[in-house]
Amino acid sequence: MLFDRDGTLIRDVPYNADPGRVEPMPGARAALDRLRRAGVRVGVVTNQSGVARGLISPAELAAVNARVEELLGPFDVWQVCPHGAADGCACRKPAPGLVHRAAAALGVTAADCVVIGDIGRDVAAARNAGARAILVPTPVTRAAEVAAAPTVAADLAAAVELVLAGGPVTGRGWAR
């Protein structure tokens, strides 16, 4: 299972360079721990254009990500796109690069993964990579993104339950 970071696992603080400002989303630790107990490997796929913009240094990004792990437990893989929107990279969501790289690091294909995020860009990255997607809307999620999502869950716990219960997003061999 692959998760978007900002707005999905932690509260979105734009261009956060301060580990002290990291605050988990409600239920994030419990949902992740449930997956880990079930033997599901978990990863993060996140756009961090603040690096390209000079708003956050790579060292500050690493410190914020370390704080995320301290609060939410270890992740099996982190894939971060530090590029800006105009850089034309293959990793910036909605491009599929982060999902493909994370799946490869987990030793599975993208089709074996479920991506959970809070905006349409996360869903599009999953679709573009051939992975399955679950949208967990927040106040910033647009109505059109909710309408276009293949699967919508009320929160992280509900998204995890869909996967573990064999709901509509599951298939063969997802990243165990």
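The legends below describe close-up views of a predicted model.

**View 1. Strand 2 pairs with strand 1 and with strand 3.**
Strand 2 covers residues 43-47 and is mostly covered, with five of its five residues buried. Gly 43, Val 45 and Asn 47 point one way, while Val 44 and Thr 46 point the other way. In a regular strand, side chains alternate between the two faces of the sheet. Strand 1 (residues 2-3) runs parallel to strand 2, and two bridges join them. Phe 3 has Val 44 of strand 2 as its bridge partner. Between these strands the chain passes through helix 1 (residues 28-37), and the β-α-β crossover is right-handed. Strand 3 (residues 77-81) also pairs with strand 2 in the parallel sense, here over five bridges. Val 77 of strand 3 is the bridge partner of Gly 43. Helix 2 (residues 58-72) completes a right-handed β-α-β unit with strands 2 and 3.

**View 2. Strand 4 and strand 5 run parallel.**
Four bridges join strand 4 (residues 114-117) to strand 5 (residues 132-135). Gly 117 stands opposite Leu 135 of strand 5. Which way do the residues of strand 5 point? Arg 132 and Ile 134 point one way, and Ala 133 and Leu 135 the other way. All four names belong to buried residues. Helix 4 (residues 120-129) joins strands 4 and 5 in a right-handed β-α-β unit.

**View 3. Phe 75 pairs with Trp 78.**
A search of the whole structure finds one aromatic pair. The ring centres of Phe 75 and Trp 78 are 5.5 Å apart, and the ring planes meet at 75°, so the pair is edge-to-face. Are these two residues buried or partly exposed? Phe 75 has 9% relative accessibility, so Phe 75 counts as buried. Trp 78 is partly exposed, at 21% relative accessible area. Arg 36 also meets this site: its charged end sits over the ring of Phe 75, 5.3 Å from the ring centre.

**View 4. Two separate nonpolar cores.**
The largest nonpolar core holds 26 residues. Met 1, Phe 3, Leu 9 and Ile 116 touch the most other members. Helix 1, helix 2, strand 4 and helix 6 (156-164) each give two or more residues to this core. A second core is separate and has 22 residues, including Val 77, Leu 98, Leu 106 and Leu 135. Two of these names return from earlier views: Val 77 is the partner of Gly 43, and Leu 135 stands opposite Gly 117.

**View 5. Asn 65 contacts Arg 5.**
Asn 65 lies in helix 2. Its relative accessible area is 10%, and Asn 65 is therefore buried, the cut-off being under 20%. The side chain of Asn 65 makes a polar contact with the side chain of Arg 5, at 2.6 Å.

**View 6. Backbone features at Pro 94 and Tyr 15.**
Most residues other than glycine have a negative phi, and most peptide bonds are trans. The peptide bond from Lys 93 to Pro 94 is cis, with omega near 25°. Pro 94 is found in the loop between strand 3 and helix 3 (97-106). Tyr 15 has a positive phi, near 55°. Tyr 15 is placed in the loop between strand 1 and helix 1. With a relative accessible area of 35%, Tyr 15 is partly exposed.

Notes:
Residues numbered from 1 in each chain as written. Predicted model: local features only at pLDDT ≥ 70, side-chain atom pairs only at ≥ 80, totals over all residues. Heavy atoms only, no water. Buried < 20%, exposed > 50% of the residue type's maximum accessible area, 1.4 Å probe, protein only. Pairing = 2+ DSSP bridges. Right-handed = clockwise from strand over helix to strand, strands pointing away. Phe/Tyr/Trp six-rings, centres within 6.5 Å; stacked < 30°, edge-to-face > 60°. Lys NZ or Arg CZ within 6 Å of the ring centre and 35° of its normal. Core = buried A, V, L, I, M, F, W, Y, C linked by side-chain atoms within 4.5 Å. Polar contact = N/O pair within 3.5 Å; in protein donor to acceptor, adjacent residues only side chain to side chain.
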